[in-house]
Amino acid sequence: MPFNLRWGILATGGIAETFVKDLLLDPTKRGVTDVTHTVVAVASSSSKSSADSFVERLQVPAPCATYGSYKEAVNDSNVQAIYVASPHSHHFQHAMLALEAGKHVLCEKAFTVNAAQAKILCETAKEKGLFLMEAVWTRYFPLSIQVRHLVQSGAIGEVLRVVSDLSIGEEPETSWDSSHRMVNKDLAGGALLDLGVYALTWVFQILYHTLPRSQRKEPSQIVSHMSKYPQTGADESTTMLITFPTTTPSALSNRTSEAVAMTAFRVATDPDNRGSAGPSIQIQGTKGHILIFGPAYGPERYRVVPSSGSGDPATIQDVHMPIPGGARGMFWEADEVARCLRDGKLESDTLPWDESIAIMKVMDEVRKQGGLVYPENIESTVYPLNL
Ligand SMILES: NC(=O)C1=CN([C@@H]2O[C@H](COP(=O)(O)OP(=O)(O)OC[C@H]3O[C@@H](n4cnc5c(N)ncnc54)[C@H](OP(=O)(O)O)[C@@H]3O)[C@@H](O)[C@H]2O)C=CC1
Ligand SMILES: O=C1OC[C@@H](O)[C@H](O)[C@H]1O
């Protein structure tokens with residue numbers, strides 16, 4: 001029998017809807033037979049009627065309890081795991097609420113506002129013997145898994161550089177009101193925490209994660225520049241130059257590796273949405289490159305280009321890995337949560353706690369260099385706090 005995971009959903013906004021739609025799809029359609037998912041509770045902090053209309057709109061199969069507060073959902077004994085889908089300003093408080101109630105947690109990206117909050121979440125999960133994972137869905141894409149394996153196998157030699165970008169080509173003045181979570185500092189808005197986290201996940205999943213755990217080293221140097229959106233003071237563009245003390249896959253050469261991670265609202269990585277402007281991620285090794293096309297959060301195509309001398313042009317490999325069934329691709333991370341719970345794990349090997357914290361530390365440093373400070377209440381490590 002497949003292991004079935006019973007989910008409770010905190011929030012009824014955009015990503016909660018996307019995630020639940022993916023959860024409700026038949027796993028066998030993506031070739032998964034060992035785990036299944038059931039949505040047993042949905043909570044809205046606004047009103048019970050928001051949760052009711054969410055369940056109705058998405059045709060969540062009955063029985064699914066609906067609540068007008070998050071507290072009620074985390075205390076529902078039928079719920080095994082909570083998906084936190086509130087703005088990142090509130091992740092620390094809402095994930096703590098779930099952990100304190102004894103529930104496993106999948107928490108949307110960015111994990112928290114700062115590394116100190118992330119550490120406390122992980123310590124709490126550990127103390128309570130509960131599973132906790134940052135919902136960086138990209139990590140669980142079969143494409144990401146394949147690319148990590150290629151790097152680990154030495155297919156492009158020693159990786160010396162990664163260039164990674166997630167920029168979306170939106171004019172903030174016309175795309176969002178100043179109160180929107182993308183630009184509102186009260187909701188930890190800005191490009192870095194919302195989009196830069198994906199540019200960084202590519203950097204980390206290549207230059208950090210592909211090493212054996214004992215050899216993984218956090219960045220030795222971070223230099224960055226941030227431009228602010230004048231209307232709110234949140235960052236509208238951030239560029240980071242990050243040095244790692246080792247290279248991958250061997251970590252034996254005494255060479256360092258470098259990354260350029262970028263994010264911006266006004267310019268786009270892929271202005272025509274067809275990859276004409278080039279890849280979003282370039283992984284550059286001594287024996288070749290891996291180029292990844294499509295948005296850094298959910299790419300569906302990559303190309304392996306061997307260096308001249310290590311093959312002829314005919315060996316260039318183009319690989320397409322479309323997301324099955326018109327889905328978003330968030331079900332793969334949900335499958336990972338179910339498998340971890342089935343196997344009694346507290347953290348996912350694909351995005352362990354130390355790595356989420358290391359990425360949050362980079363974002364802390366970049367915000368420090370750029371002078372981006374969020375309001376005290378959302379930077380706070382005090383729990384509970386009524387935000
Ligand atoms: N993985 C991915 O691809 C994506 C991830 N995200 C992440 O998901 C999170 C939510 O984003 P998204 O769904 O787009 O945001 P929305 O604004 O669409 O929804 C957020 C929901 O959070 C709840 N909420 C709780 N407290 C607050 C508050 N103080 N202010 C506003 N909303 C609040 C509300 O639901 P209710 O009233 O029902 O409680 C609201 O609808 C963010 O952290 C974002 O980074 C976002 C988009 C894509
Ligand atoms: O996580 C995300 O991925 C997709 C983007 O459009 C969105 O703004 C961001 O929150």
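Here are some worked exercises on the predicted model shown above.

**Exercise 1. Find the domains and say how they meet.**

Task: Into which domains is the chain divided, and how many residues does each give to the contact?

Solution. Begin with the bounds: domain 1 covers 3-135 and domain 2 covers 142-322. Next, take the centres over C-alpha atoms; they are separated by 28 Å. Finally, turn to the contact, which takes 6 residues from domain 1 and 6 residues from domain 2.

**Exercise 2. Trace the sheet of 6 strands.**

Task: Work out the strand order of the open sheet of 6 strands and identify its edges.

Solution. Step one is the order, S3-S2-S1-S4-S5-S6, and the pairing is parallel. Step two is to look at the ends: strand S3 (65-67) and strand S6 (132-135) each have a single partner strand, so one side of each has no neighbour in the sheet. Step three is the twist: on average, neighbouring strands here are turned by 30° against each other, direction ignored. Last comes a helix that packs on this sheet, H2 (residues 48-57), which touches strand S2 (35-43) and S3. The direction of H2 makes about 145° with that of S3.

**Exercise 3. Look closely at strand S4.**

Task: Which residues of S4 point one way, which point the other way, and are they buried or exposed?

Solution. First place S4 (residues 81-84) beside its partners. Strand S1 (residues 3-10) runs parallel to S4 and is joined to it by 4 bridges; strand S5 (residues 104-108) also runs parallel to S4, again with 4 bridges. Now set the register. Glycine 8 has isoleucine 82 of S4 as its bridge partner. Towards S5, alanine 81 is partnered with histidine 104, and tyrosine 83 with leucine 106. Then sort the side chains: Ala81 and Tyr83 point one way, Ile82 and Val84 point the other, and all are buried.

**Exercise 4. Follow the largest nonpolar core.**

Task: Where does the largest nonpolar core lie with respect to domain 1 and domain 2, and why?

Solution. Start with its membership of 116 residues, where Ile9, Leu10, Val42, Val105 and Val203 touch the most other members. Helix H8 gives the most to this core, 13 residues. Since both domain 1 (3-135) and domain 2 (142-322) give residues to the core, it lies between them. To see one member at work in the packing, take leucine 10. Leaving aside neighbours within four places in sequence, its contacts include Ala43, Tyr70, Ala73, Ile82, Val84 and His94.

**Exercise 5. Compare the buried faces of two helices.**

Task: Which residues of helix H1 and of helix H6 are buried, and what do they pack against?

Solution. Take H1 (residues 14-23) to begin with: its buried residues are Ala16, Phe19, Val20, Asp22 and Leu23. Viewed down the axis of H1, these fall within an arc of 160°, so they line one face of the helix. They pack against S1, S2, S4 and helix H9 (331-342).

Move on to H6 (residues 142-152), where the buried residues are Leu143, Ser144, Val147, Leu150 and Val151. Down the axis of H6 they stay within an arc of 125°, so they too line one face. Their cover includes strand S7 (159-167), helix H8 (191-207), strand S11 (281-285), strand S12 (288-293) and strand S13 (301-306).

A general rule helps here: an α-helix has 3.6 residues a turn, so residues three or four places apart point the same way.

**Exercise 6. Leave H6 and enter the loop.**

Task: Is serine 153 buried or exposed?

Solution. Locate serine 153 first, in the loop between H6 and S7. Then count: it has 10 C-beta neighbours inside 10 Å, and the cut-off for exposed is 12 or fewer. Serine 153 therefore counts as exposed. Just after H6 there is also glycine 154, with a positive phi of about 80°.

**Exercise 7. Trace the sheet of 8 strands.**

Task: What is the order of the open sheet of 8 strands, and which strands are at the edges?

Solution. The order reads S8-S9-S10-S7-S11-S12-S13-S14, with mixed pairing. At the edges are strand S8 (221-228) and strand S14 (317-320), each pairing on one side only. From one strand to the next, the twist averages 10°. Within the sheet, S7 and S11 pair in the antiparallel sense over 5 bridges, and valine 159 stands opposite glycine 285 in S11. To finish, helix H10 (residues 353-370) packs on this sheet, touching S8 and strand S9 (235-244), at about 55° to the direction of S8.

Methods
Residues numbered from 1 in each chain as written. Chains lettered and ligands numbered in written order. Predicted model: local features only at pLDDT ≥ 70, side-chain atom pairs only at ≥ 80, totals over all residues. Pairing = 2+ DSSP bridges. Helix = DSSP H or I, 4+ residues; strand = E, 2+ residues; numbered from the N terminus. Axes fitted to C-alpha atoms, helices over the stretch in contact; angles between N-to-C directions. Contact = placed C-beta atoms within 7 Å. Buried ≥ 20, exposed ≤ 12 C-beta atoms within 10 Å, placed from the backbone. Arc of directions from axis to C-beta. Core = buried A, V, L, I, M, F, W, Y, C linked by C-beta atoms within 7 Å. Domains from an automatic or database assignment.
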